[in-house]
Amino acid sequence: MYSPQSLHRWGITHSESMERLAYSQAFRDPMAMERANLLNMAKLSIKGLIESALSFGRTLDSDYPPLQQFFVVMEHCLKHGLKVKKSFLGYNKSLWGPLEMVEKLCPEAGEIAASVRDLPGLKTPLGRARAWLRLALMQKKLADYLRLLITRKDTLSEFYENSAVMLEEEGAVIVGLLVGLNVIDANLCVKGEDLDTQVGVIDFSMYLKNDIDDYRSEERNGQIAAILDQKNYVEELNRQLNSTVQGLQGRVESLEKSNSKLIEELAIAKNNIIKLQEENHQLRTENSVILMKAQQRLEVLLYGDLNCELDTYKQSRQGLDEMYNEARRQLKEECQLRQDVENELVVHVSMKQEMEMAMKLLEKDIHEKQDTLIGLRHQLDEVKAINVEMYQKMQSSDDNMRQKNDMIARLEEKTNQITATMKQLEQRLQDAERERASAEDGVRKFKQDFTNKADSLQKQIAQREKQMMQLETDLKIERDWRQTLQNELERERETIAQLTAEAQQINGLKKEFHRLQDENTQLKGICEEQEQALEELGCKLSESKLKIEDIKEANNALQGGQVWLKDKDATHCKLCEKEFSISRRKHHCRNCGEIFCNSCSDNELPLPASPKPVRVCDTCHALLLQRCSSNAT
């Protein structure tokens, strides 16, 4: 090995020494050199294919030369380092083996493999592999499938040598480059092609560039960057519009569900109101029957015999008590029903508030949509103005092109005239040389001046040609830009149509909501009428209750001079003398008729007038117990 000092002495720098070492290692390992060459060719072919496809601006077919060269380069990369397999016919290398393994690693690749096997014109494994590559490119899954294949090096080692491209880092780099092909749309007809007998030869002339190609590639890179920016902007705008449409659809569905729930609850409320009306009618009929019976009994008590009335009263008192208990129970049920109706009204009020909030949110969303529509209209107006400006620029550029073409024609005529004069001058110079030797110096000077003028004219012509090329490229860019703007206009018109349809749907929902509000007000009126009817019924029940109490007091008076004390006359308990309140209620003793609190009258005993045990006070309870004990002795 040589030291750095010795290398510096011989005039060799460090970078040159590293390059020589790399070349020496590559010469020692020819497989590494092949891998590097294949990687470079893959880079060139993929880059050239993407640039040409984007400048082409249409879907690619099988006759497109850069696409054919890409498949040839990929075939060479996949063939590198393939193991030779023995068969009955001899030794062969097959690409179809590792590509067929993708079907086991990824179930989505099964469709491609099945369609390749079903193609009638393919007879060799190489033809199937070529068809598989074309179908995977059309599906935009070529990079994904090869990435899965590279990760399983244990399966690839059965088909490739250890130093093959697919088993080294170069294979991963190539797979990463293939991701960029997803921006290309290809429509390849595999069925009619003869893929078995094609010869894969790389055409290097497509990748050898000069200064003009470099200038064009820079312009294409600028065009590609502009097109990709426009594509990203359109995709982002499409995503935002899709998200807003999905949000609106979700809100419309929730409103439809809430409307259906409200309709169901309204139907239930109507049924409850009908039931309440029927029960009110039944209660009214029962009250009328009770009043008729009470009036009949009063007439019998007033005009009949007292003994018969006492016997009949003792027999009917039990029935009256039962009827009183039934009336009291029905009153409780009516109160409970009234409470339920009030709860339902509270629920309806809360539902109405929720509907009002939902309508406010809908109106807010509608205003937002209108703002977005206004913004989109402004954008459309701006795009139209840009389109008009571009059209004016195109017309001005066309006029400039015509002027420049006229200038070029004039320059060509001038060059033709100059060439003719050049020929005439040469003839004159030859004649002058024969005649006069002394005039040679002047003629030579004239020739030099003339040649300088011709060179300057040729340079001007070359500059004009370059300007023409630039104008042509500008025209192409403007045409592509105009096409993209027209496509964007069509898409925005479609979005505006969708938004108008959604606005119409929202107006329909508004109409339905107003209709539901009217129905709710009608139901409120019905509920208020029912409440008034219930209040009237309660008043009538309280009147009937007072009449029944008056009847009882009259019966007690007729029975034996027993006084039934009225509720208004008693303010304190007779035994404990505590004042009555809401918590301390009044209770009549069924024996003496006085009013006591609950603690002083919490006793029940059967009386002669009623076989069932009734409430009595503490004093009556002690007296009755003494009587019972004395009777027993």
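The following exercises, each with a worked solution, concern a predicted model of a single chain.

Residues are numbered from 1 along each chain as its sequence is written, and side-chain values use heavy atoms, with hydrogens and water left out. Because the model is predicted, local features need pLDDT of at least 70 and side-chain atom pairs count only at pLDDT 80 or more, whereas totals for chains, interfaces and linings use all residues.

**Exercise 1. Describe the chain as a whole: its secondary structure, burial and contacts.**

Step 1. The chain has 15 helices and 6 strands, taken as DSSP runs numbered from the N terminus (helices: H or I, at least four residues; strands: E, at least two).

Step 2. Of the 633 residues, 31% are buried. Here buried means under 20% relative accessible area, exposed over 50%, and partly exposed in between (1.4 Å probe, protein chains only).

Step 3. Among contacts with a separation of 6 or more, 69% join residues 24 or more positions apart; a contact means heavy atoms within 4.5 Å.

**Exercise 2. Determine whether the length of helix H4 agrees with the expected span, and state which helices its buried residues pack against.**

Step 1. Helix H4 covers residues 65-79, and its 15 residues should span 21 Å at 1.5 Å a residue. The expected span is 1.5 Å times one less than the number of residues.

Step 2. The end C-alpha atoms of H4 are 21 Å apart, which agrees.

Step 3. Since 11 of the 15 residues are buried, H4 is largely enclosed by the rest of the structure. The buried residues include Phe 70, Phe 71, Val 72 and Val 73.

Step 4. These buried residues of H4 pack against helices H3 (30-56), H5 (96-100), H8 (125-139), H9 (142-151) and H11 (169-178).

Step 5. After H4 comes Gly 81, with a positive phi near 75°.

**Exercise 3. Analyse the salt bridges Lys 79 to Glu 75 and Glu 108 to Lys 141.**

Step 1. A salt bridge is a side-chain nitrogen of Lys or Arg within 4 Å of a carboxyl oxygen of Asp or Glu. The whole structure contains 12 of them.

Step 2. Lys 79 and Glu 75 meet at 3.1 Å, N to O. Both lie in helix H4, 4 residues apart, about one turn of the helix.

Step 3. Lys 79 is partly exposed at 35% relative accessibility, whereas Glu 75 is buried at 7%. Glu 75, Lys 79 and Arg 130 are linked in a network of salt bridges.

Step 4. Glu 108 and Lys 141 meet at 2.9 Å, N to O. Glu 108 lies in the loop between H6 (102-105) and H7 (110-118), and Lys 141 in the loop between H8 and H9, so the pair ties together parts that are 33 residues apart in sequence.

**Exercise 4. Explain why Cys 592 and Cys 597 form no bond with their closest cysteine sulfurs.**

Step 1. A disulfide is a pair of cysteine sulfur atoms within 2.5 Å. The search of the whole structure finds 0.

Step 2. The sulfur of Cys 592 is 3.6 Å from that of Cys 589, its closest cysteine sulfur, and this is too far for a bond.

Step 3. For Cys 597 the closest cysteine sulfur is in Cys 600, at 3.5 Å, which is also too far for a bond.

Step 4. Cys 592 is partly exposed, at 25% relative accessible area, and Cys 597 is buried, at 2%.
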